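Biologist: I keep meeting labels in structure write-ups and never know where they come from. Could you take me through a few of them on an example?

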Amino acid sequence: MIVGSGVAGVSAAKEIIRADESGEITLITDEEYGFYYRPRLIQYLSGNLKIDDIVINEIDWFHKNGIDLQLGEKVESIDFASKDVYSGQDRYDYDKLLLASGAKPFVPPVEGTDLDRVFTLRDADDAREIYSSALECEKVVVIGGGLLGLESAYNLQRAGLDVTVVETTDYILNRQLDEKGGKLLEEKLKNIGINFKLSSIATEIKGENSVESVVFKEGGQIPADLVLFSTGIRPNTEICEDQDMEINRGIIVNEKMETSVENVFAAGDAAEYNGRVFGIWGPSMEMGKVAGKNMAGAEAKFGGYVPSHKLKVAEVNVTSLGILEEKENIESEIIKHGESYCRVFRSDDDKPVGAIVVGEYEKEDEIVKEIKAE
């Protein structure tokens, strides 16, 4: 039994199929789609992408591979003692269970979030609803200057809207970049028409029925027809919280993706490994593969994950990986600045252990390869 049709759940299913041809797999998801590439979902907001363009496995694929796919079902409770899973429609039993239930968007305590045209983006239905509403809007406020917030802002701007990004810190992408890198990226995004309001905390969304403006703690407000929160995630652990299972931020797992309950595994955004919830595609896929192999009787261990981001933010190359702070035995040097920026962190034996790149740098691939080899 697999709960969740995201990358962790489907990767697990594929490994089970490879390792155990006789295994019976039931996969429950509250979505109505097959398996799609969630990181590209943001591009739907530009109006230049269809959901079908990012589908990896259609619904027929599940049936052809003997997977009993239950669409549009939300798991409401689990009885670990009797090995029963209950959805709103049915009861299922299992021999081994994978909780790949993902995460929900976190929305900070801001007054007025119940107004129309206040959104979070997590799945295909969210993307459709946001884009449909955006067609009737002019001004958008995106709250959150992280990766997903910036990509959302860029794609909404491509759709023809006036977009402002609000961030509590004094530079964007503060988890992946240093201040110089963040400020350079900000300038590049300003040049294509995205506005920024930094060091600001939204405290209220005003409006009669739908959004009219966003009010800030430090004073002032800006007009808005639509607000999109991109302020992090919280693992979906509710269905386990009344059970005898170890949960911290996420469902605690070991290197085999085993939980504290026998025959129950967890992977992806719902899982916490070594005190960390990864919340991104790459490690979720690896965790799912490890869980699937172990569920099918094979041996596999999760070796952790080196933080690595190589992507285009509004067509600007941004790379961030490894150790990104100076400390004992770690020093850094700025190799290139101006139109591009590259900062490399090295150990005391001069080996690169981390890097930040904004823009183009001709030796980037070489440095990235060295860091990952470590």
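Biologist: What makes tyrosine 33 buried?
Modeller: Buried means under 20% relative accessible area, exposed means over 50%, and partly exposed is in between (1.4 Å probe, protein chains only). Tyrosine 33 has 17%, so it counts as buried. One caution: this is a predicted model, where local features need pLDDT of at least 70, side-chain atom pairs count only at pLDDT 80 or more, and totals for chains, interfaces and linings use all residues. Residues are numbered from 1 along each chain as its sequence is written, and side-chain values use heavy atoms, with hydrogens and water left out.

Biologist: How many aromatic pairs are there?
Modeller: The count is eight. The rule is that rings of Phe, Tyr and Trp (its six-membered ring) pair if their centres lie within 6.5 Å; planes under 30 degrees apart are stacked, over 60 edge-to-face, and the rest tilted.

Biologist: Why is the pair of tyrosine 33 and tyrosine 36 called edge-to-face?
Modeller: Their ring centres are 6.2 Å apart and their planes stand at 85°, so edge-to-face it is. Tyrosine 36 has a relative accessibility of 4%, so that one is buried.

Biologist: What makes tyrosine 44 and tyrosine 131 an edge-to-face pair?
Modeller: The centres sit 5.8 Å apart with the planes at 75°, so the label fits. Tyrosine 44 is in the loop between β3 and β4 (55–57) and tyrosine 131 is in helix α3 (residues 124–134), so the pair ties together parts 87 residues apart in sequence. Helices (H or I, at least four residues) and strands (E, at least two) are DSSP runs, numbered from the N terminus.

Biologist: Which residue lies over the face of phenylalanine 106?
Modeller: Arginine 234 does, at 3.9 Å from the ring centre. A charge sits over a ring if NZ of Lys or CZ of Arg is within 6 Å of the ring centre and within 35 degrees of the ring normal. Lysine 197 lies over phenylalanine 216 too, at 4.7 Å from the ring centre.

Biologist: How many disulfides does a search of the whole structure find?
Modeller: Zero. To count, a pair of cysteine sulfur atoms must be within 2.5 Å.

Biologist: Is cysteine 342 buried or exposed?
Modeller: Buried, because its relative accessibility is 1%. Cysteine 137 is at 10%, so that one counts as buried as well.
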